[in-house]
Amino acid sequence: MTAAFNDFNEETLKETINKALEEGVDALAILNVLLDLLKNIGERFSQGEAFLPELVMSGDLMEKSVEILKPALVNKQDFVLTGEKIILGSVKGDVHTIGKDMVKMMWIASGYEVIDLGINVPAETFFTRAQEINPSIVALSSTMTTTIPSMKDTIDFFKSRGLDKKYKIIVGGGSVNTEIANNVGAYAYGGRDAYEAVKTVKAILAE
């Protein structure tokens, strides 16, 4: 599986995943391996050892792999199939994708519909898309401390229009913790990693 992923061999990867599932390998264990491989590509990219095309291809492989795993994942006790919509994006000034993409994959695997707005997303775009899509949750990602003000600006944009209660805004990313989430006025802190992000969303939607 590792070789197929790192070589971007889609057919071999699909065959390997399907064979593992047929042999009774836990779907979450397979997903964990894939998430680690995706994270490794991201780290190599940050260090200049991998390039943008590799980053894009690895993300595409991950999405296709999750589609194979989804039926097995949603039957696990830790996951729920809700049909709820989540808008996700990196705030204005932030161009990092790996952490955001890992969270997106976990949410998709958990049965949520995720609308990914991408990177460097201004407050106005988050707001406009939220009105169009009417999601249960709007998730803001910030990997750099310098973009935390953009996170607050986005939340303030919703608040100034009286819609911060309608859309539950959660925040996460490498530069964010519970204290920062409170300071920027978020509804909740998404968590330290993709696994906690699933639990956070599940808890919010159960309120």
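1. In this predicted model, the contact between α3 and α5 brings L31, L35, L38, K39 and G42 of α3 against I98, M102, M106 and A109 of α5. The axes of these two helices come within 10 Å and cross at roughly 160°, which makes α3 roughly antiparallel to α5, given that angles over 145 degrees are counted that way. The crossing in which α3 passes α5 is right-handed.

2. Helix α5 also packs on α4, and here the axes lie 8 Å apart at an angle of about 20°. The two helices are therefore roughly parallel to each other, a description that applies to angles under 35 degrees. On the α4 side the contact is made by L55, G59, M62, E63, V66, E67, K70 and L73, and on the α5 side by I98, K104, M105, I108 and A109. As with α3, the handedness can be stated: α4 passes α5 in a right-handed crossing. Comparing the residue lists, I98 and A109 of α5 appear in the contact with α3 and also in the contact with α4.

3. The burial of α5 deserves a point of its own, since eleven of its twelve residues are buried and the helix is thus largely enclosed by the rest of the structure. The buried set consists of I98, K100, D101, M102, V103, K104, M105, M106, W107, I108 and A109, and a reader inspecting the model may wish to note that K100, D101 and K104 are included in it. In its span, α5 reaches 16 Å from its first C-alpha to its last, close to the 16 Å expected at 1.5 Å a residue. Just after the helix, G111 takes a positive phi of about 95°.

4. Helix α4 covers residues 52–73, and its 22 residues reach 29 Å from the first C-alpha to the last, which is close to the 32 Å expected at 1.5 Å a residue. There is nevertheless a kink of about 35° at E67, shortly before the proline P71; E67 is also one of the α4 residues that contribute to the contact with α5.

5. Within α4, the buried residues are E54, L55, S58, G59, L61, M62, S65, V66, L69 and L73. What covers them includes α1 (2–6), α2 (10–22), α3 (27–46) and α5 (98–109). Among these buried positions, L55, G59, M62, V66 and L73 also take part in the contact with α5.

Conventions
Residues numbered from 1 in each chain as written. Predicted model: local features only at pLDDT ≥ 70, side-chain atom pairs only at ≥ 80, totals over all residues. Heavy atoms only, no water. Helix = DSSP H or I, 4+ residues; strand = E, 2+ residues; numbered from the N terminus. Expected span 1.5 Å × (residues − 1). Bend = angle between axes of the 7 residues up to and from the residue. Buried < 20%, exposed > 50% of the residue type's maximum accessible area, 1.4 Å probe, protein only. Contact = heavy atoms within 4.5 Å. Axes fitted to C-alpha atoms, helices over the stretch in contact; angles between N-to-C directions. Parallel < 35°, antiparallel > 145°, perpendicular 65-115°, else oblique. Left-handed = near helix turned anticlockwise from the far one by under 90°.
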